[in-house]
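Student: I keep getting lost when I look at a whole model at once. Could you pick one part and take me through it slowly, along with whatever sits around it?

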Amino acid sequence: MAGRMGFIWDIDGVVLDSPHEQAWRLTLKREPWKTNGLTSDFYFTHLASRPRYEGAHNILELLGVYERLGATSEGQKTRLMRRYAEEKDALTKELIQKGEFELFTGAVGLLLRAKRAGMLQAAASASKNASTMLKKVTRSRVLRELGHDFGAMGEEDTLYTIFDFDACGVDLGGKEEILRYAAQGLGSLPGAEIDTFFVFEDAASGVKAVRSLGFHAVGVFRIGDRQALEEAGADLVTDDLGEVRIEDLLELR
């Protein structure tokens with residue numbers, strides 16, 4: 001039965017914790033920005049899941065940076081916004097290359113257990129950094145942080161090689177299209193006989209996209225409003241995927 005299920009994973013916020021919040025904050029502490037106030041609550045409310053320019057504008061506007069730097073016209077604000085966003089993006093890439101991001105060990109454990117069980121799995125994220133992060137997670141890091149790899153990884157494997165299909169960083173117009181692309185990719189693999197897809201998502205908007213396609217949604221609660229995931233239609237909501245068994249998901253089919 002497990003072989004007839006396909007898993008589709010959002011990466012950032014579900015499997016890995018990208019350094020976006022850290023990069024926004026570290027950049028903000030540099031010249032000419034030199035501003036505090038970017039708390040985790042501020043990040044979740046005004047930056048998380050938003051386009052980078054919108055996020056940059058929210059920071060500079062709401063934390064008074066435009067005003068302090070004397071930007072009054074739309075043109076001045078746009079130039080500052082773009083500069084700040086580009087500096088933040090460069091720092092994000094630098095942190096990722098150094099491996100300075102976290103693993104959600106419960107999610108990685110379930111991913112590896114599903115691999116061991118022979119389940120086909122896709123990585124599906126709008127982030128162009130998602131695949132790079134997955135390639136940076138070696139077997140040795142998995143063993144160091146989880147203590148074992150469930151017999152799912154070879155010596156040269158990374159988390160990236162665990163996935164059977166990569167739908168990360170593709171520009172298809174939205175979450176629903178990315179998920180559809182991932183499902184089609186898994187379904188077209190040799191020997192695939194998938195009749196049910198489970199998607200792991202940490203945002204209510206993502207859960208809604210999952211349900212619109214008729215797939216099952218596992219809501220992963222990290223920060224914000226747990227109830228929003230439930231109201232969006234998640235079949236199951238958890239804050240620790242390490243406690244979820246494949247057998248539990250089979251019962252939701």
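**Around strand β1**

Tutor: Let's start with two rings: F7 and F200 are both buried, where buried means under 20% relative accessible area, exposed means over 50%, and partly exposed is in between (1.4 Å probe, protein chains only). Before we go on, keep in mind that this is a predicted model, so local features need pLDDT of at least 70 and side-chain atom pairs count only at pLDDT 80 or more, while totals for chains, interfaces and linings use all residues. Residues are numbered from 1 along each chain as its sequence is written, and side-chain values use heavy atoms, leaving out hydrogens and water.

Now the rings themselves. Searching the whole structure turns up eight aromatic pairs. Rings of Phe, Tyr and Trp (its six-membered ring) pair if their centres lie within 6.5 Å; planes under 30 degrees apart are stacked, over 60 edge-to-face, and the rest tilted. F7 and F200 have ring centres 5.0 Å apart and planes at 75°, so this pair is edge-to-face. Because F7 sits in strand β1 and F200 in strand β6, the pair ties together parts that are 193 residues apart in sequence. (Strands are DSSP runs of E with at least two residues, helices are runs of H or I with at least four, and both are numbered from the N terminus.) For contrast, look at W24 and Y84: their ring centres are 5.3 Å apart and their planes are at 50°, so that pair is tilted. W24 belongs to helix α1 and Y84 to helix α5, so the pair links parts that are 60 residues apart in sequence. Both W24 and Y84 are buried too.

Back to F7, which is part of an aromatic cluster together with W9, F198 and F200. Two of those names, F7 and W9, bring us to β1 itself. Five of the five residues of β1 are buried, so the strand is largely enclosed by the rest of the structure. You can see this on both faces: M5, F7 and W9 are on one side, G6 and I8 are on the other, and all are buried.

So who are its neighbours? Strands pair here if DSSP finds at least two bridges between them. Five bridges join β1 to β6, and the two run parallel; I8, for example, stands opposite V199 in β6. β1 also pairs with β4 in the parallel sense, over four bridges, and there W9 stands opposite A123. β4 is well covered too, with six of its six residues buried: L120, A122 and A124 point one way, and Q121, A123 and S125 point the other. On from there, four bridges join β4 to β5, again parallel, with S125 opposite C168.

Zoom out and you get an open sheet of six strands, in the order β5-β4-β1-β6-β7-β8, with parallel pairing. β5 and β8 stand at the edges with a single partner strand each, so one side of each has no neighbour in the sheet. Direction ignored, neighbouring strands are turned by 20° against each other on average. Helix α10 packs on this sheet, touching β1, β4, β5 and β6, and its direction makes about 155° with that of β4. Helix α11 packs on it as well, touching β6 and β7, at about 170° to the direction of β7. Touching, or contact, means heavy atoms within 4.5 Å, and the angles run from 0 to 180 degrees between N-to-C directions of lines fitted to C-alpha atoms, for helices over the stretch in contact.

Last stop: the nonpolar cores, which are sets of buried Ala, Val, Leu, Ile, Met, Phe, Trp, Tyr and Cys residues joined through side-chain atoms within 4.5 Å. The largest has 39 residues, and W9 and F200 are among the members that touch the most others. β1 and β6 are among the elements giving two or more residues to this core, while α6 gives the most, with six. I8 turns up elsewhere, in a second, separate core of 23 residues that also includes A122, A124 and A217.
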